[in-house]
Amino acid sequence: MSATATRLRRLAASTAALAAVAGGGVILFSSLSANERGGGPALEALRRRINDPTAVVPSRAVQESALAGASSANPLDILVIGGGATGCGVALDAATRGLRVGLVERDDFASGTSSRSTKLIHGGVRYLEKAVFNLDYGQLKLVFHALEERKQVIDNAPHLCHALPCMTPCFDWFEVIYYWVGLKMYDMVAGSQLLHFSRYYSEKESIELFPTLARKGKDRSLRGTVVYYDGQMNDSRLNVGLACSAALAGAAILNHAEVVSLLKDEVSERIIGARIRDNLSGKEFDTYSKVVVNAAGPFCDSVRTMADKDAQPMICPSSGVHIVLPDYYSPEGMGLIVPKTKDGRVVFMLPWLGRTVAGTTDSNTTITSLPEPHEDEIQFILDAISDYLNVKVRRTDVLSAWSGIRPLAVDPKAKNTESISRDHVVSEENPGLVTITGGKWTTYRSMAEDAVDAAVKSGKLTPGSRCSTRNLRLIGADGWELSSFTALAQQYVRMKKSYNGNIVPGVMDTAVAKHLSHAYGTLAERVAMIAQNENMGKRLAHGYPFLEAEVAYCARHEYCESAVDFIARRCRLAFLDTDAAGRALPQVVEILAAEHKWDKSRTKQEMQKAKEFLETFKSSKNAQFHDGKHQ
C-alpha cells in the first residue's frame, strides 16, 4: 500500500510540475497571424490551385523533362531525395514559398516507412509518461509540438484523417487513477489543439463500447477503462496527396527515379545536384540544384556516403511490425491500448479501413528495401492482445502482416531503440547537402519546414514568402464534408462488365461511396464518373470497396506506375488482406497495361514483381509457421 501511495504522490507532484510547464507552453506555441506565416493573397492563390476540381497534375514525362532541364546555368533551388512523408512535405513547403523544386524517389511515394506506420497521428502518450517521471523537458517539448501538429494534419486532410477514441483497460483502482490523471495531463498539454476530452467508463459501459474486451485479465477483474483521443490516417494516401499537392504547386516530382551519384563542384566541393536514373526507362540525366535535401528515411546514410564515403551513420534502424485481423476483433470507431506488454512496450489495436490493425514491435533491424516481419514478432503482438480480449486470438486470422523501418536518429547513450527520442535532426555536414532524419509521421510538416529553412540558409535562396503549409489543405480536402459520400450514392451508378461481356448497372452502394469519398475527397466524383462512363464499376476483390475505376484514375492522375504502386499505396488491399490483393492482381495489371500501353513482357514482369512483393506480407496464407498457442 505504501508503494502505491508513493507512486500516487509522485504522480501528483509531476502533474503540478507539468501544469507549470504547460503554462509556458502556451507562449511557446502561440498562434501567429496569416501574414507572419506567409499567408495572404499568395496563400489563397495556392489554395485555389491545389483544390481546383478541374486541375490535373503534370504528366510524368513533363516532370522528368523539367528535372532534366535543370542545368548548371539554370539550376533548381532545391532538389529533394526521397518521396516519403518528409520528402513530399519538403517539396510542398518549398514550392509554396515560390522556390523551384524537384523531387526524386527511387521507388514510389510512401513505398518505405511512410506506408508502414501504425496509422496514428499522435502526440505520444508514452513520451509524456517519460517526460513526467524522468523530468525530461526535451521529451515534454516533443509532446507539445506533436500535439499541435496532430491537429494541423487532421485539419489539412480531413478526408484522410480523423479523431479516434482509444481505450485503456484498468484492472485495479490504482490503474484507474494513474491512467485517468495521466490522460488528463495529455488533454492539458494539447490545450486548444485538443480533439476531445478523455474520460473514465465503468466496467459495464466499457464492455458495451468494446464487446470483445476481456472482463478478467491475469487473475484480475476489469475496473473500467479510460478513453482518450488521438488521430488516425490513411498514411500512404496522405503521402500521395502531399506529392500531388506539391506537383500542383509547381514542384517537378518523379517516382521510380533513383539518385546514382551526387554532383560536386570541383573547386568549392559543394554539392550542386545529382545524377538520376529513371528506373522505368533506364534513362540517366543530370539535375543541377543550389541545394540538395536528403530525406531518404532509413536510406539517408547511403546518400550521405555519396558525398563523403567516411560519413558516420546517423540512423539507428528500428523494426516496427503490424498485423491485420478481421473486423470483429475491435468495434468500429474505438481503439484499444495494451499499456504494458511483458517487455514494457505499448501495443495498439485499432479499427482501420474495415479491419483491425495491431502493433507494433520496436527492435533493432538491418536496413532493406523490403523488410519482412519475423514470426516471433507476429506472435508477440498476438500474445499481447490475447490477454485483453475475450476473442480466441488465432494466427490463422492474420490477414496481412508487414514490417516498417523507423529511421531513428542515433543517440550514443541509448541502450535500445525503444528509449530513443523520435525527435528529428537537420544537419549539413557537406556544403549543399541538407539531411533531415528522425521524427515521425505526425510532425512531417514541421520537419519539412525546418529542412526548407536550412536549405534557404545554405543556398542563400530568396523565397517569395514564408512557410504557408500550416493551414494549407491538401488536394481533395477543400470543401469536403463527412456527408459528401451521399452525392456519390445518389448521382452515380457502377456500370460493370458481366462474365458474358454484357454491361450491367450496379448500385453505388454506401460502402463504396464512403470509401471513394474518404480516399479521394472532393475528387471522388472523377473516379465515380470513370466507373459509370467507362464501365469500370466492378469491385476488385469480394468484401472490399475498391473499384476497377480507381486503377485507371490513379494511373492517369496519381503517378501510379506499377501494380504494387496500386495495391499497396493507392488502395491499401495489400495491407488489409494479402490473399485478396493476390486475387485482384490480374485485373489490376490488365487495367494498368491498357493505361500505360505495356507490352506482354512488361505485363508479365509486373505480375511477377507484385507476387514477390505480396510474399513479404506474412499473412496466414503465405507464412510457414508452427503455432502452438494461437490455433
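In this predicted model, asparagine 535 sits in the loop that runs between helix H15 (524-533) and helix H16 (548-557). Its phi is near 55°, a positive value in a residue other than glycine, and with a relative accessible area of 23% asparagine 535 is partly exposed, since the buried class requires a value under 20%.

A second residue with a comparable backbone feature is glutamate 269, which is not a glycine and yet has a positive phi of about 60°. Glutamate 269 is placed in the loop between strand E10 (257-264) and strand E11 (271-278), and at 51% relative accessibility it counts as exposed, because that class begins over 50%. A further backbone feature, this time in the peptide bond itself, is found from glycine 359 to threonine 360, where the bond is cis with omega near 20°; threonine 360 belongs to the loop between strand E16 (355-359) and strand E17 (363-364).

The two helices that flank asparagine 535, H15 and H16, also take part in covering another helix, H14. Within H14, which spans residues 510-520, the buried residues are Val512, Ala513, His515, Leu516, Ser517, Ala519 and Tyr520. What covers these buried residues includes, besides H15 and H16, helix H9 (235-248), helix H13 (485-491) and strand E21 (493-497). After H14 comes glycine 521, whose phi is positive, near 60°.

Further along the chain, the pairing of helix H17 with helix H20 can be followed through its geometry and its contacts. Two packed helices are described by the angle between their axes and the distance between the axes. Here the axes of H17 (residues 563-570) and H20 (residues 600-614) come within 8 Å and cross at roughly 35°. On the H17 side the contact is formed by Ala563, Val564, Ile567, Ala568 and Arg569, which meet Glu606, Lys609, Ala610, Phe613 and Leu614 of H20. Sorted by class, this contact of H17 with H20 has seven nonpolar residues, three charged residues and no polar ones.

These local features belong to a chain with 20 helices and 22 strands, in which buried residues make up 58% of the 631 residues. Among the contacts in the chain between residues at least 6 apart in sequence, 75% join residues that are at least 24 apart. The chain exposes about 25700 Å², and carbon and sulfur atoms supply 53% of that area.

How values were computed. Residues are numbered from 1 along each chain as its sequence is written. This is a predicted model: local features need pLDDT of at least 70, side-chain atom pairs count only at pLDDT 80 or more; totals for chains, interfaces and linings use all residues. Side-chain values use heavy atoms; hydrogens and water are left out. Helices (H or I, at least four residues) and strands (E, at least two) are DSSP runs, numbered from the N terminus. Buried means under 20% relative accessible area, exposed over 50%, partly exposed in between (1.4 Å probe, protein chains only). Contact means heavy atoms within 4.5 Å. Axes are lines fitted to C-alpha atoms, for helices over the stretch in contact, and angles run from 0 to 180 degrees between N-to-C directions. Ala, Val, Leu, Ile, Met, Phe, Trp, Tyr, Cys and Pro count as nonpolar, Asp, Glu, Lys and Arg as charged, and the others, Gly among them, as polar. Accessible areas come from the Shrake-Rupley method with a 1.4 Å probe; for residues, only the protein chains shown count as cover.
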